[in-house]
Amino acid sequence: MATALFYDEALNGEEILNILSTNMDREDQTEKLVSMIKKVVNNAEAEASQLVDDLVCFTEMIINYDDASMMVLKVVLKALLEEMTPHPPVMDNAVICRLGHRLLKVFQSRMYSFEAYATNIWLRLAEIYEVEEKFVEAAQMLGSIPIETGTRPYSAEMKFRTYLRIAENYLQAGEIGQASHNLKRASFLQTAAGCEELNTRYKFISVEILDRSGKFIDAAQRYYQFSMLPTLTRTEKEDYLTKAINCTVLATPSQKKTNLLTALCKDDRCASLPTFAVINKMFKKMIIHPCELEFFEANLKDHQKKSVGGSSMLQKAIVEQNMLAASQLYKNVSFDVLGKMLGINADRAQILAAEMIVDGKFQATIDQVDGYIYFNDHASGYVDQRVQQTFDQVNKITEMIFAAHPEWVAQQMANNAPSSM
């Protein structure tokens, strides 16, 4: 093996080869090699690039020496990794990252033997990138750990924790698809991991993905459930309650939204929240004016402020809400008046009304010639809907009775059958 050249005088290629090649006691070999590492990393005059080059060259020498004792290598490499934490005079996060990436390349050709040390480096780099809010890089480091294909045994809990952490990082980076993919991989490990703390973390990530994916009503329902968890503090419960309100307001009109509006407005905890006024007016099907939304909008998350079709998600939700409110107030109204009421022009009001009618959000007829919308009798429609829902529930109950007690049903039908003449 050719003798390596080092910048730091503490490292000498010939001396390293002599230590590895002689019949020196393993403890003495280990002590001398570890001593070299410590002298290099504590050299106040060393330049960062030279320090990295020296440590990488040192590592290549010792792991590529054919007759090197694996026991000695393990202790020496462990000592090197222990130095990869921020400390003076030179070892900061930037140096650790450069050194870590270089060492991973060194281990690549012999990953079978050095997977444990590579894993340690991937985890360390992920921690640094998380602190620096480089979330994609952090996720990539964690995703490099061969937890499914490696030679080391990884517990179900470790795999579950790693996939959740990857999902969290991608979520922070706004990579919703990658976050969902890794959360799905984590879902297969829930039972095997058997960790309640991680299961709760899984649920929190899941609802965040729903929220960031624009599935606001599903997210709102989960947030509201979280707000009632007995293990949370009062502040945490209020935070989830506020998130539930925000997502409910942003959700498109539906029966789920109506049910959740009812639950939130009847929940005494909501009345003291600053966002309650908006959701209360929405529940009562009252017109909500733009001036009432300033505080509410300021408290939305960045992903909830995105524009869709030239309008923010909040503006779209409020316009739909006000359209529904107008349908409760008027039998008919011109699109000019409706547009002014909604804060949009008449053409946009007509397009929105047509979309909502097609989606079944309310029943109405549009007269394009005169520029009017005629709202159907929502009271009778409501009654018809409730009657249909009641019939559906009765049918479901009947089917359940048939399935659970077929013999009893058959007997009752026989007893009530009309007698033959």
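Helices, as named on this tour, are DSSP runs of at least four residues, numbered from the N terminus. The structure on display is a predicted model.

**First stop: a residue between two helices**

Select E133, which is found in the loop between α6 (111-131) and α7 (135-143). Is E133 buried or exposed? With a relative accessible area of 60%, E133 is exposed, because the threshold for that class is over 50%. The backbone deserves attention here as well: phi of E133 is near 60°, a positive value in a residue other than glycine.

**The whole chain**

Now zoom out to the full protein chain, which contains 21 helices and five strands. The radius of gyration of the chain is 33 Å, well over the 22 Å that the globule rule gives for 421 residues, so the chain is more spread out than a compact globule. Turn the C-alpha trace along its principal axes, and it spans about 110 × 70 × 40 Å.

A surface display can be added at this point. The protein chain exposes about 23,600 Å², and carbon and sulfur atoms supply 51% of that area. Of the 421 residues, 42% count as buried. Among contacts between residues at least 6 apart in sequence, 58% join residues at least 24 apart.

Colouring by charge gives another view. The protein chain has 43 positive and 54 negative charges, and the mean positions of the two sets are 6 Å apart.

**Helix α2**

Next, select K32 in helix α2, which covers residues 26-41. K32 has a relative accessible area of 41% and is partly exposed. Which residues does K32 touch, leaving aside its neighbours within four places in sequence? They are I19 and M24. For K32 and I19, which are 13 residues apart along the chain, a separation of 7.9 Å lies between the C-alpha atoms.

**The loop between α4 and α5**

Move on to E83, in the loop between α4 (70-82) and α5 (93-108). E83 has a relative accessible area of 10% and is buried. When neighbours within four places in sequence are left aside, E83 is in contact with I37, K38, V41 and M91.

Stay in the loop between α4 and α5 and select P89, which is also placed there. What kind of peptide bond joins P88 and P89? The bond is cis, with omega at about 10°.

**A second positive phi**

Select K285, in the loop between α15 (276-283) and α16 (294-298). K285 is not a glycine, although its phi is positive, at about 55°. At 38% relative accessibility, K285 counts as partly exposed.

**Last stop: the cysteines**

A disulfide is a covalent bond between the sulfur atoms of two cysteines. How many disulfides does the structure hold? The structure holds zero.

Select C291 together with C265. The closest cysteine sulfur to that of C291 is in C265, 19 Å away, which is too far for a bond. The cut-off for a disulfide is a pair of cysteine sulfur atoms within 2.5 Å. C291 itself counts as exposed, at 61% relative accessibility.

Finally, select C195. Is C195 buried or exposed? At 14% relative accessibility, C195 counts as buried, because the limit for that class is under 20%.

Conventions:
Residues numbered from 1 in each chain as written. Predicted model: local features only at pLDDT ≥ 70, side-chain atom pairs only at ≥ 80, totals over all residues. Heavy atoms only, no water. Rg over C-alpha atoms; globule rule 2.2 N^0.38 Å. Buried < 20%, exposed > 50% of the residue type's maximum accessible area, 1.4 Å probe, protein only. Contact = heavy atoms within 4.5 Å. Areas by Shrake-Rupley, 256 points an atom, 1.4 Å probe, with all protein chains shown as cover. Lys, Arg positive; Asp, Glu negative; His and termini not counted. Charge placed at Lys NZ, Arg CZ, Asp CG, Glu CD.
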